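The following exchange examines a ligand site and several local features of a protein model. Each answer closes on the item requested.

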Amino acid sequence: MVTSRRIAGPAGPLTRRYLVRRRRVVVAQFARQRAHMVARQIAARGLTDARLLAAVRAVPRECFVPPHLRAFAYEDGPLPIAAGQTISQPYIVALMIDAAALAPGDRVLEIGAGSGYAAAVMSRLAAEILAVERHALLAEEARRCLGRLGYGNVAVRHGDGTLGWPEAAPFDAIVVAAGGPEVPGPLRRQLRIGGRLVMPVGARPGSQRLVRLLRRGEEDFSEDALGLVSFVPLIGAEGWAEDPARRDAGRYQARSEVE
Ligand code: SAH
């Protein structure tokens with residue numbers, strides 16, 4: 001009687017010690033996978049900034065993926081999250097953050113918080129991250145994960161990120177994690193002079209060029225391209241319009257086509 005109560009009860013000392021020990025083993029396994037991922041997927045592809053690599057090495061990606069996909073958290077690709085969205089491939093997250101050239105004092109706007117993973121990595125490289133997500137469920141979940149892990153310098157807002165976050169502008173860097181037909185005007189205007197904006201841009205949803213804008217003056221932007229990528233669509237007033245009739249089929253139309 002006494003023995004079975006000690007072992008079976010959730011607060012039983014043997015069970016608790018076992019669970020604590022098992023958790024430590026799992027955490028250590030994930031840390032090893034993460035170090036491996038940073039070396040093989042990120043550094044080996046040419047991203048070698050020590051601060052960036054340390055930030056990626058520190059963020060437990062397994063906490064930002066759905067529980068049944070944790071075993072795949074360090075695979076070299078995107079993974080599905082709730083609301084039909086994705087957590088981006090680790091290398092692409094690192095590439096975008098590298099291109100945004102974050103400095104420790106920077107204030108950063110992220111559009112498309114999704115799981116909150118990229119915001120967590122950026123929070124280790126900049127002073128403050130303001131992230132916008134159009135799916136309420138994802139915004140709430142991202143907030144919860146970031147809070148639990150102690151990333152106190154990230155704020156997540158539910159809304160249309162194509163309009164930016166005007167009250168908090170200007171930003172030193174803006175990172176857009178969804179693909180739109182062009183860089184939204186409000187985001188250009190909310191970039192500080194000297195600031196960097198990184199975003200996938202393409203004429204069709206699903207295939208984009210990753211572009212980086214540097215704001216050199218009030219109306220002076222320079223642009224360079226960082227390669228071809230495939231992101232989920234940026235849907236909003238200054239992005240793609242969602243066609244409600246086709247929403248279930250996952251198809252989207254350009255705003256200009258539906259107006
Ligand atoms: N950075 C994320 C990647 C998420 S995928 C991560 O690390 O997990 C892109 C996200 O952009 C999706 O969650 C999608 O819902 C969101 N999104 C699309 N259009 C948006 C908009 N107009 N405003 C805010 N979020 C948007």
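Ala, Val, Leu, Ile, Met, Phe, Trp, Tyr, Cys and Pro count here as nonpolar, Asp, Glu, Lys and Arg as charged, and the others, Gly among them, as polar. The model is predicted.

Q: How many nonpolar, polar and charged residues does the shell around the ligand have?
A: The ligand is surrounded by 27 residues, of which Glu110, Ser115, Glu133, Gly161 and Ile235 come nearest. Elements that each supply at least two residues of this shell include strand E3 (107–111) and strand E4 (128–133). By class, the shell divides into 13 nonpolar, ten polar and four charged residues.

Q: What is the distance between an oxygen atom of the ligand and an N or O atom in the side chain of Glu133?
A: A polar contact requires a pair of N or O atoms within 3.5 Å. A polar side-chain atom of Glu110 lies 3.0 Å from a ligand nitrogen, and a backbone N or O atom of Arg134 lies 3.2 Å from a nitrogen atom of the ligand. For the side chain of Glu133 and the ligand oxygen, the distance is 2.6 Å.

Q: Where does the ligand sit, and what share of its accessible area does the protein cover?
A: The ligand occupies the largest pocket. On its own, the ligand has 580 Å² of accessible area, and the share covered by the protein is 99%.

Q: Which class describes the aromatic pair of Phe30 and Tyr74?
A: The count of aromatic pairs comes to two. In the pair of Phe30 and Tyr74, the centres are 6.1 Å apart and the planes meet at 55°. Planes under 30 degrees apart count as stacked and over 60 as edge-to-face, so the rest are classed as tilted. The class of this pair is therefore tilted.

Q: Which residue other than glycine has a positive phi near 60°?
A: Most residues other than glycine have a negative phi. The residue in question is found in the loop between E1 and E2. With phi near 60°, this residue is Ala83.

Methods:
Residues are numbered from 1 along each chain as its sequence is written. This is a predicted model: local features need pLDDT of at least 70, side-chain atom pairs count only at pLDDT 80 or more; totals for chains, interfaces and linings use all residues. Side-chain values use heavy atoms; hydrogens and water are left out. A residue is near a molecule or strand if one of its heavy atoms lies within 4 Å of it. A polar contact is a pair of N or O atoms within 3.5 Å; within protein, one must be able to donate a hydrogen and the other to accept it, and residues adjacent in sequence count only if both atoms are side-chain atoms. Accessible areas come from the Shrake-Rupley method with a 1.4 Å probe; for residues, only the protein chains shown count as cover. On a 1 Å grid over the protein atoms alone, a cavity is a set of points where a 1.4 Å probe fits but cannot get out, and a pocket is an open set with protein on both sides within 12 Å along at least five of seven lines; lining residues have an atom within 4 Å of a point. A molecule sits in a cavity or pocket if more than half of its atoms lie within 2 Å of its grid points. Helices (H or I, at least four residues) and strands (E, at least two) are DSSP runs, numbered from the N terminus. Rings of Phe, Tyr and Trp (its six-membered ring) pair if their centres lie within 6.5 Å; planes under 30 degrees apart count as stacked, over 60 as edge-to-face and the rest as tilted.
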